[in-house]
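Take a look at the chain below. We will walk through it part by part, from charged pairs to nonpolar cores.

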Amino acid sequence: MTELAGRVVGIWGLGKEGLSMARTAAAQGAARIVAVDDRAGIDTAGIPNLTVSNGPDAPERLRDTDIVFVSPGVPWRHPVFAQMRDSGPVVSNAADWFMARRGSRTVGITGTKGKSTTAAFLAHLLAGLGVPAVAAGNIGTPLSDLAEPDLSGAAGEWVVAELSSQQCALLRTPPAVAVITNLFQDHLDFHGDITAYYEAKSHVFGAATRCLVTTPGVVESLRRIGISDFPPLRELDPAAVRTPAGDSVLSYAHNAVNAALAALAAEQVLGRPVTAAEVDAAAATFTGLPHRLQTVRRTGGVRWIDDTLATTGEAVVAALTAMRSDEEIALIVGGMDRALDYRQLDAYLCSRRRRVTLIQGPTNGARIGTGFAAAYPDRTHPVDSLEDAVRVAAAVPGVDVVLLSPGAASYDIFRNYEEKAAVYCGYIDVIDTL
C-alpha cells in the first residue's frame, strides 16, 4: 500500500506541478483529492476523485485533508499556509515527495541564478560520460512525473533536480549531492526577508547529503544568518574558473562558473575527477537553454537577445558582462516590482564598461539605473510598453545588440517569462517588416 492510498489529499495550486501531484495521488489510490486554485476552468479531465474549488475562501477546504501538496507560487506568508505549517495536515510539495523516494540518487541544484544552466549542463555532462541522467524539477518536468526507480541494480538513472527556494523550503529529505550556485537578493515578496530566503535555500542540504558544491561566498552568506552545520564542502573560487574551450554559451563568464560547478558535482556522482577535455567535449554539444541570453532574431546587423529569466540586478550585470566590449547595447529593463536592490547594476552601468542605452519599461523600469539615468539622460528612455521599448531599441544609433534582460519578474503584465519573450519576438517581427 502506498502512502497516499485511501487518504484525503489536498492540492494547492493547479499549475504544472499541482496537476502532476493530483495525477500521482489518483494513481496511488487517494480516497479523495481536494484542489484549490485562483483560476476557474482548469482542465482536470482524467483525474478521478478530484474536486476543485476557486475563490479567496477555497484554501480553507484544505484543512480537512491528511496531506496538502503546495505549489511553489503559493506565498509562504499566506495566513492559511502559515497556520497549516504550525498545526494542521502534513504540508509537502512535489520536491519533498520526490526526495523521500529518490534523494539518494539525486543531485539537487539551487541558487538565485544559474541553477537551470548548471542543472542542464550537469545532466548533459553525465550522459556524455555514460551515466543515465535526467534534468527535472523547476527546469521543466515536474519531479512527481518521473517514474519510480528500479532499485534492483546500482546503475540506475540519476536525477538532476533544479529546485527553487519555494521548493527547497519544504524539503525534509535532502539530495545525495547538493549544489548552490550563488545567493543574491530575490523572492522577498514570497519569503519576507533575505534571511528567510537564504534559510529556505539551505534546505537543499542536510545530514544525508554527502557533499555540498558551492562557492566561498555562498558559505559566508549562510554563516552570516547563523547556518554553520554543513556537509563536506567542495568550494569553487569563481575567479579561478577555466573557461571551456570553443565557442559555446558556456564561454560567458557566469556560465563558465556554472559549468565548473556542474563538473564538481559530476565528480561526486562518478567518484573520480572530471577532466578538462571531458568538460570541453560536453560544452561543444551543449546548446544552452531558452530565455537565457538566447539570440532569438537577427535583423540586419542587430542581434536581438531574450534574457527574460534575468530577474535580478546581478543577473543583468552578468548578461552585460557577457557582451563584447565593442558592442553598442540597447538594454530593456522592467517588470514586476519586488523591492529589489539595483545599486550593483546601476554602478555597473555608470562605470561605462559597456556602451549601453537604457530603456526603462513597465512596471518598475524607472527604479532600475536611476544613477545612470541622472548622469546620462541622453542614453535613457522611459517607455510605457514592451512594444515601445522594442521600437526605441531598434532606433538606437549604431545598435549591435538589443538585450531584453529585465532585472524583474514578468508577472506584472504577462502570465510568465515565456509569454513576455513571445510578445517581444512578435514586436521584433513587426519592426523587421517596416
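Is Asp429 buried, partly exposed or exposed? With a relative accessible area of 34%, Asp429 is partly exposed, because that label covers values between 20% and 50%. Keep in mind that this is a predicted model.

Asp429 has a partner. It forms a salt bridge with Arg297, and the closest N and O atoms are 2.7 Å apart. Arg297 sits in strand β12 (residues 294–299), while Asp429 sits in helix α15 (residues 417–433), so the pair ties together parts that are 132 residues apart in sequence. Arg297 is partly exposed too, at 28% relative accessibility.

Now step back to the whole structure. A search finds 21 salt bridges. One of them joins Asp145 to Arg23, with 3.5 Å between the closest N and O atoms. This pair also links distant parts of the chain. Asp145 lies in the loop between β7 (133–137) and β8, and Arg23 lies in helix α1 (residues 16–27). The two are 122 residues apart. How accessible are they? Asp145 has a relative accessible area of 37%, so it is partly exposed. Arg23 is partly exposed as well, at 40%.

Another pair is Asp37 and Arg39. Their salt bridge has its closest N and O atoms 2.9 Å apart. Here the two ends get separate labels. Asp37 counts as buried, at 8% relative accessibility, because buried means under 20%. Arg39 is partly exposed, at 44%. Salt bridges can also join into groups. Arg303, Arg324, Asp326 and Glu327 are linked in a network of them.

What about a buried charge without a salt bridge? Asp346 is such a case. This residue belongs to helix α12 (residues 343–351). The nearest side chain of opposite charge is that of Arg343, 8.7 Å away. A salt bridge needs the nitrogen and oxygen within 4 Å, so that distance rules one out. Asp346 does have a polar neighbour, though. A polar atom of its side chain lies 2.9 Å from the backbone nitrogen of Phe372. Beyond the residues within four places in sequence, Asp346 is in contact with Gly369, Thr370, Gly371 and Phe372.

Follow the chain on from there. Asp378 is in the loop between α13 (370–375) and β16 (380–382). Asp378 counts as exposed, with 60% relative accessibility, because exposed means over 50%. Its C-alpha atom is 21 Å from that of Val316, a residue 62 places away along the chain.

Val316 takes us to helix α11 (residues 313–322), where Val316 is among the buried residues. This helix is mostly covered, with 9 of its 10 residues buried. Glu314, Ala315 and Leu320 are also among those buried. What covers them? The cover includes α9, β14 (328–333), α12, β15 (355–360) and β17 (401–404).

The UniProt record helps to place this region. It puts the feature "domain: Mur ligase C-terminal" at residues 291–406, in an unreviewed entry. Over that stretch the chain is 29% helix and 26% strand. The C-alpha atoms at its two ends are 11 Å apart.

Next come the nonpolar cores. The largest has 37 residues, and Val107, Phe121 and Leu122 have the most contacts inside it. Several elements supply at least two residues each, including β6 (106–110), α4 (115–128), β8 (158–162) and α10 (276–284). Helix α9 gives the most, with 11 residues. Phe121 shows how such a residue is surrounded. Not counting residues up to four places away in sequence, Phe121 touches Leu250, Ala259, Ala262, Val279, Ala282, Ala283 and Phe286. Apart from this core lies another, of 26 residues. Leu293, Ala322, Leu331 and Val356 are among its members.

End at the start of the chain. Arg7 lies in the segment before β1 (8–12). Arg7 is partly exposed, with a relative accessible area of 26%. Leaving out residues up to four places away in sequence, Arg7 touches Ala30, Ala31, Arg32 and Asp66. A polar atom of the Arg7 side chain also lies 3.2 Å from the backbone oxygen of Glu3. Tyr197 is another matter: the C-alpha atoms of Arg7 and Tyr197 are separated by 32 Å.

Definitions and conventions. Residues numbered from 1 in each chain as written. Predicted model: local features only at pLDDT ≥ 70, side-chain atom pairs only at ≥ 80, totals over all residues. Heavy atoms only, no water. Helix = DSSP H or I, 4+ residues; strand = E, 2+ residues; numbered from the N terminus. Buried < 20%, exposed > 50% of the residue type's maximum accessible area, 1.4 Å probe, protein only. Lys, Arg positive; Asp, Glu negative; His and termini not counted. Polar contact = N/O pair within 3.5 Å; in protein donor to acceptor, adjacent residues only side chain to side chain. Contact = heavy atoms within 4.5 Å. UniProt positions renumbered as here; feature names shortened; annotations may be inferred. Core = buried A, V, L, I, M, F, W, Y, C linked by side-chain atoms within 4.5 Å.
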